Amino acid sequence: MDADDPRNAKAGTLVHLCTRAEWDADRAAGERRPASLEDAGFVHLSTPEQVHLPADRLFAGRRDVVLLWLDPGRLDAPVRWEPGVPSDPASMRFPHLYGPLPAAAVTAVTEYLPGPDGRFGAPPRPPA
C-alpha cells in the first residue's frame with residue numbers, strides 16, 4: 001500500500017499531542033487547528049508506539065500534556081504517512097492530517113506524563 005493511501009489511516013489508532021488548555025479550547029470550538037496546520041499544511045499525528053519521539057522534542061519535562069486518541073474513520077481530511085525529522089529512524093513514517101482535527105474524531109483523552117528524567121515513554125492506553 002502506498003504511503004499516501006488514505007486506507008493507511010484506517011489501520012489502527014492514531015494519537016495527537018497537545019496541552020490540556022489547548023484541548024479544552026479546541027474541544028469547545030469543535031476542532032483543533034494547531035499552528036502546524038497554518039505553517040506546514042497539516043496536523044501532526046502519531047501512532048501510540050512512536051508518540052514518545054515528538055513528545056520528547058516538543059514537550060520534554062512538561063506535565064500538562066494530553067494524548068488525544070483518535071478514530072481514523074472519523075477524520076474528514078486526508079492522512080499521509082511521511083518522514084519525520086532527520087533524527088527519527090530513516091524508515092519511520094508519521095501520519096499527517098491535511099486538514100483540521102475534528103473534536104468528533106477524539107475517542108479518549110489521557111494525561112501523558114514524562115518520567116523523572118523529563119522524557120516520555122510508552123503512553124498509557126485509554127480507558128476501554
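Contact here means heavy atoms within 4.5 Å. The model is predicted. Its three-stranded open sheet has the order β1-β4-β8, with antiparallel pairing. Helices α1 and α3 both have a place against this sheet: α1 packs on it, and α3 lies across β1 and β4. Gly 61, in the loop between α3 and β4, touches residues that lie further along the chain, including Gly 118.

**Sheet**
- Strands β1 (14–19) and β8 (106–111) are the edges of the sheet; each has a single partner strand, so one side of each lacks a neighbour in the sheet.
- From one strand to the next, the twist averages 25°.
- β1 and β4 (residues 65–70) run antiparallel and are joined by six bridges.
- Within this pair, Val 15 is opposite Trp 69 of β4.
- Strands of a sheet pair through backbone hydrogen bonds.

**Helices on the sheet**
- Helix α1 (residues 20–29) touches β1, β4 and β8, and its direction makes about 105° with that of β1.
- Helix α3 (residues 52–59) runs at about 15° to β1.

**Gly 61**
- Leaving aside residues up to four places away in sequence, Gly 61 touches Pro 114, Gly 118 and Phe 120.
- The C-alpha atoms of Gly 61 and Gly 118 are separated by 3.9 Å, although the two residues are 57 residues apart along the chain.
- Gly 61 has a relative accessible area of 41% and is therefore partly exposed, a class that lies between buried, under 20%, and exposed, over 50%.

Notes:
Residues numbered from 1 in each chain as written. Predicted model: local features only at pLDDT ≥ 70, side-chain atom pairs only at ≥ 80, totals over all residues. Heavy atoms only, no water. Pairing = 2+ DSSP bridges. Helix = DSSP H or I, 4+ residues; strand = E, 2+ residues; numbered from the N terminus. Axes fitted to C-alpha atoms, helices over the stretch in contact; angles between N-to-C directions. Buried < 20%, exposed > 50% of the residue type's maximum accessible area, 1.4 Å probe, protein only.
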